[in-house]
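Hello,

Here is the structure I promised to pass on. Please have a look at it first; my notes follow below.

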Amino acid sequence: MASISQLPTPVDLDLSVATSLSNATLRQRIAEYGDCLEAPEPDEWFPNEPTSEEARTAYEQTARELCADCPVIAECLERALRLEAVPYVVPHGIFGGTAPWTRRAINRNRRRRAYAGAMEVSA
Ligand code: SF4
């Protein structure tokens with residue numbers, strides 16, 4: 001497995017193609033190509049919630065490592081973001097190389113940008 005310093009940072013992934021795909025296409029591509037679907041230990045993608053800063057860092061590293069070679073990492077991250085953008089859905093587990101709190105932050109930024117864009121249009 002690649003050293004952590006060589007792995008891409010999932011939050012820097014280019015999601016421009018994935019965001020243009022329908023939910024059905026995202027789901028289909030992940031079902032066909034997702035690395036974890038045939039993993040012998042699928043529970044690895046659902047570590048215990050970390051209880052310390054150190055454990056959070058370890059969780060993030062694990063997320064990056066588990067998904068590093070997946071050919072549909074961008075599609076997976078986009079799909080998880082869409083599913084978790086629904087109110088009252090609590091993100092859990094590793095998707096698209098990210099921890100749940102990372103996806104919460106990305107969705108928070110998306111909502112802020114959408115709100116700012118709507119304000120500009122109505123001004
Ligand atoms: S990016 Fe990670 S969680 Fe998503 S399909 Fe690939 S291996 Fe599975």
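UniProt, in an unreviewed entry, places the feature "domain: 4Fe-4S Wbl-type" at residues 35–105. Keep in mind that the model is predicted. Over residues 35–105 the chain is 46% helix and 0% strand. The C-alpha atoms at the two ends of that stretch are 25 Å apart.

Now the whole chain. The protein chain has five helices and zero strands. Read from the N terminus, the order is α-α-α-α-α. The C-alpha trace spans about 50 × 35 × 30 Å along its principal axes. The radius of gyration is 15 Å, and a compact globule of 123 residues would have one near 14 Å, so the two agree. Of the 123 residues, 22% count as buried. Take the contacts with a separation of 6 or more: residues 24 or more positions apart account for 68% of them.

Next, the ligand. Which residues come nearest to the ligand? They are G34, C36, C67, C70 and C76, out of 15 residues around it. Two helices, α3 (53–67) and α4 (73–84), each supply at least two residues of this shell. By class, the shell has 11 nonpolar, three polar and one charged residues.

Then the core. The largest nonpolar core has 16 residues. I73, C76, L77, A80, I94 and F95 touch the most other members. Helices α2 (23–33), α3 and α4 each supply at least two residues of this core. The largest share, six residues, comes from α4. Note that C76 appears twice: it is among the residues that come nearest to the ligand, and it is among the core members that touch the most others.

I94 is worth clicking on. Leaving aside neighbours within four places in sequence, I94 is in contact with W45, A63, L66, C67 and A99. One of these, C67, is also among the residues that come nearest to the ligand.

One last residue to check is Y88. Where is Y88 placed? Y88 sits in the loop between α4 and α5 (100–122). Y88 has a positive phi of about 75°, although it is not a glycine. Is Y88 buried or exposed? Y88 counts as exposed, because it has 4 C-beta neighbours inside 10 Å, and the cut-off for exposed is 12 or fewer.

Best wishes

Terms used:
Residues are numbered from 1 along each chain as its sequence is written. This is a predicted model: local features need pLDDT of at least 70, side-chain atom pairs count only at pLDDT 80 or more; totals for chains, interfaces and linings use all residues. Helices (H or I, at least four residues) and strands (E, at least two) are DSSP runs, numbered from the N terminus. The radius of gyration is taken over C-alpha atoms; the globule rule is 2.2 Å times the number of residues to the power 0.38. A residue is buried if 20 or more other C-beta atoms lie within 10 Å of its own, exposed if 12 or fewer, and partly exposed in between; C-beta atoms are placed from the backbone. Two residues are in contact if their C-beta atoms, placed from the backbone, lie within 7 Å. A residue is near a molecule or strand if its C-beta atom, placed from the backbone, lies within 6 Å of it. Ala, Val, Leu, Ile, Met, Phe, Trp, Tyr, Cys and Pro count as nonpolar, Asp, Glu, Lys and Arg as charged, and the others, Gly among them, as polar. A nonpolar core is a set of buried Ala, Val, Leu, Ile, Met, Phe, Trp, Tyr and Cys residues joined through C-beta atoms within 7 Å. UniProt positions are given in the numbering used here, feature names are shortened, and annotations may be inferred rather than shown by experiment.
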